[in-house]
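Colleague: Could you take me through the nonpolar interior of this model, with a close look at how the packing is put together?

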Amino acid sequence: MVDHEADTSAGTAVADADGVDRRGVGVASDGVLARVRAGVDELTGALRRVAEHVLSDPEAAARATIVELAERSGTSPATVTRFCRAMGFEGYADLRLGIAAETGRARSAGWTVDIGREIQPSDPLERVLEQIIVADTRAMHDTAALLDLGEVERAAVAIAGASRVNIFGASGSALVGEEMQFSLHRIGVAAWAWNDVHSGLAAAALLRPGDVALGISHSGQTREAIEMLAEGGSRGATTVALTGFRRSPLAELADIVLLTASQATTFRPDALSARHPQLVVLDLLYIAVAQRTHDRAHAAFRRTAQAVDGHKAARGATA
């Protein structure tokens, strides 16, 4: 039965959804499901039910008429139309074509192997490996569809010209931040990674205009990361957020937002499954910085490599 009462509340929800900044995200078929996954938590009421139904069985949604999709999600055709607009499509026909194209590519690439199936204690490692590869591959492609390369460009320019780069994160995000700090350090960028909020706040307080503060949090709700990034921003630094949610507190206080997707599996919830996509985005950012500081980066990388060559030789001699 269609829930007309829920449709009444959907007007407010779609206003919020239409307010989502989709810079760099067009209406092409690439990344349709990634957009739905990234935006589902920002929808409410009937719109959210449409999104959840599409994600639960994309192939069925691609085959359904607008009336069928409305009935299956307990909404109305008008709500489905508003959902299409919230996702950047002019109408339901365009949404169906986008989903059909994406699921077709996924099926031909072998990415549909029980993607949502729980990993069981009795599963052989071969099966577990297959699940992890499928999930990570899908998350990488979803991240590529969501990522605004213009924002990556802006972040790279800011870091290349910065006298100081502070990277903030907690827990797993701190590990990702340390990887980025190590990469930037090797090419001569003065970068520090902070995971302790007291030390991080003190470091952020010393930032100045022209410096960069990079905050990492998949949920965008980690208090420590938010506080440290906000402190850096208040001192005039350019703020960059790496997160899975554009309308999260971390993203909303940042000058530049880099979005990532995730594909949770058993024992790897979103925060853990987002790590590989985060590393890919930061690797892209690092290379973009190296491109823009080529001579300096090349010289620094050569010197740092030479500095450790003796230790590599010593290990080989004792092997």
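Modeller: A nonpolar core here is a set of buried Ala, Val, Leu, Ile, Met, Phe, Trp, Tyr and Cys residues joined through side-chain atoms within 4.5 Å, where buried stands for under 20% relative accessible area. The model is a predicted one, and the largest such core in it has 31 residues, with Val165, Leu184, Leu258, Leu285 and Val289 having the most contacts inside it. Helices and strands both build this core: helix 9 (149-160), helix 10 (172-186) and helix 15 (275-292) each supply at least two residues, as do strand 1 (165-168), strand 3 (212-216), strand 4 (238-243) and strand 5 (256-259). Helix 15 gives the most, with seven residues.

Leu184 offers a closer view of the packing, for, once residues up to four places away in sequence are left out, Leu184 touches Ile159, Val165, Ile167, Val189, Ala191, Tyr286 and Val289. Apart from the largest core lies another, of 23 residues, which includes Val50, Ala61, Ala64 and Ala70.

Val50 also leads to helix 3, where Val50 is buried along with Ala46, Leu47, Ala51, His53 and Val54. These buried residues lie on the same side of helix 3, because they cover an arc of only 165 degrees around the axis. Helix 3 itself, residues 45-56, has twelve residues and reaches 17 Å from its first C-alpha to its last, close to the 16 Å expected at 1.5 Å a residue.

Terms used. Residues numbered from 1 in each chain as written. Predicted model: local features only at pLDDT ≥ 70, side-chain atom pairs only at ≥ 80, totals over all residues. Heavy atoms only, no water. Helix = DSSP H or I, 4+ residues; strand = E, 2+ residues; numbered from the N terminus. Expected span 1.5 Å × (residues − 1). Buried < 20%, exposed > 50% of the residue type's maximum accessible area, 1.4 Å probe, protein only. Arc of directions from axis to C-beta. Contact = heavy atoms within 4.5 Å.
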